[in-house]
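User: I am new to this structure and would like a close look at one part of it. Please take the cysteines and the surroundings of the bound ligands, and then go on to the aromatic rings.

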Amino acid sequence: MAFAVTEACIRCKYTDCVAVCPVDCFYEGETMLVINPDECIDCGVCEPECPAEAIISETAEDASRWIALNGRLAAQWPNITDKRDAPPDADAWKGVPDKLKFLPEALEA
Ligand code: SF4
Ligand code: F3S
């Protein structure tokens with residue numbers, strides 16, 4: 001069981017989720033974070049903390065593709081364990097649909 005970060009995180013990257021995760025299983029890319037599905041203990045604490053509502057549980061519709069993407073990118077990106085300042089334009093990107101096109105790694109095989 002795991003939670004996953006969706007494209008709603010892209011260019012928002014508030015990192016409130018990182019501050020509450022008890023097992024430090026978030027990984028950081030340039031414009032978003034992902035959860036390592038093998039390390040997530042499915043506690044659900046991070047989901048309500050995200051201002052962009054970017055985190056979903058594996059029971060959500062369409063969750064399997066996000067869990068697969070999170071797992072692939074978590075293997076490539078460094079671990080993040082502390083909250084950071086969000087990008088200055090984070091609020092402007094909150095709620096914008098279809099942001100996956102801004103994530104070059106998502107387009108790779
Ligand atoms: Fe961390 Fe819990 Fe969120 Fe999984 S569900 S990423 S263990 S806070
Ligand atoms: Fe992203 Fe939400 Fe965390 S915007 S960095 S998943 S708090």
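Analyst: Cys43 is partly exposed, with a relative accessible area of 40%. This is a predicted model, and the values here are computed from it. Cys21, by contrast, is buried, at 12% relative accessibility. The two get these labels because buried means under 20% and exposed means over 50%, with partly exposed in between.

Both cysteines belong to the surroundings of ligand 1. Cys25, Cys40 and Cys46 are also among the residues around this ligand. The rest of that shell is made up of Phe3, Pro22, Val23, Phe26, Ile35, Ile41 and Gly44. By class, the shell around ligand 1 has 11 nonpolar residues, 1 polar residue and no charged ones. The polar one is Gly44, because Gly counts as polar in this scheme while Cys, Phe, Pro, Val and Ile count as nonpolar. As for its site, ligand 1 sits in the second largest cavity.

Ligand 2 sits in the largest cavity. Cysteines occur here too, with Cys9, Cys17 and Cys50 among the residues around ligand 2. Val5, Leu33, Pro51, Ala52 and Ile55 are also found around it, as are Tyr14 and Thr15. Lys13 and Asp16 complete the list for ligand 2. This shell divides into 9 nonpolar, 1 polar and 2 charged residues. The charged pair is Lys13 and Asp16, because Lys and Asp are counted as charged.

With cysteines named around both ligands, disulfides are a natural next topic. A disulfide is a covalent bond between the sulfur atoms of two cysteines. The count of disulfides in this model comes to 0. The rule behind that count asks for a pair of cysteine sulfur atoms within 2.5 Å.

The aromatic rings come last. A search of the whole structure finds 1 aromatic pair. Its members are Trp93 and Phe102, with 5.2 Å from centre to centre and 75° between the planes. The pair is called edge-to-face because its planes are over 60 degrees apart. Trp93 is buried, at 19% relative accessible area, whereas Phe102 is partly exposed, at 26%.

Phe102 has a further partner: Arg11 lies over the face of its ring, at 4.1 Å from the ring centre. A similar placement involves Arg65, which lies over the face of Trp66 at 4.5 Å from the ring centre.

How values were computed: Residues numbered from 1 in each chain as written. Chains lettered and ligands numbered in written order. Predicted model: local features only at pLDDT ≥ 70, side-chain atom pairs only at ≥ 80, totals over all residues. Heavy atoms only, no water. Phe/Tyr/Trp six-rings, centres within 6.5 Å; stacked < 30°, edge-to-face > 60°. Buried < 20%, exposed > 50% of the residue type's maximum accessible area, 1.4 Å probe, protein only. Lys NZ or Arg CZ within 6 Å of the ring centre and 35° of its normal. Near = heavy atom within 4 Å. 1 Å grid on protein atoms, 1.4 Å probe; cavity = no way out; pocket = protein on both sides within 12 Å on 5 of 7 lines; lining within 4 Å. Sits in = over half its atoms within 2 Å of the grid points.
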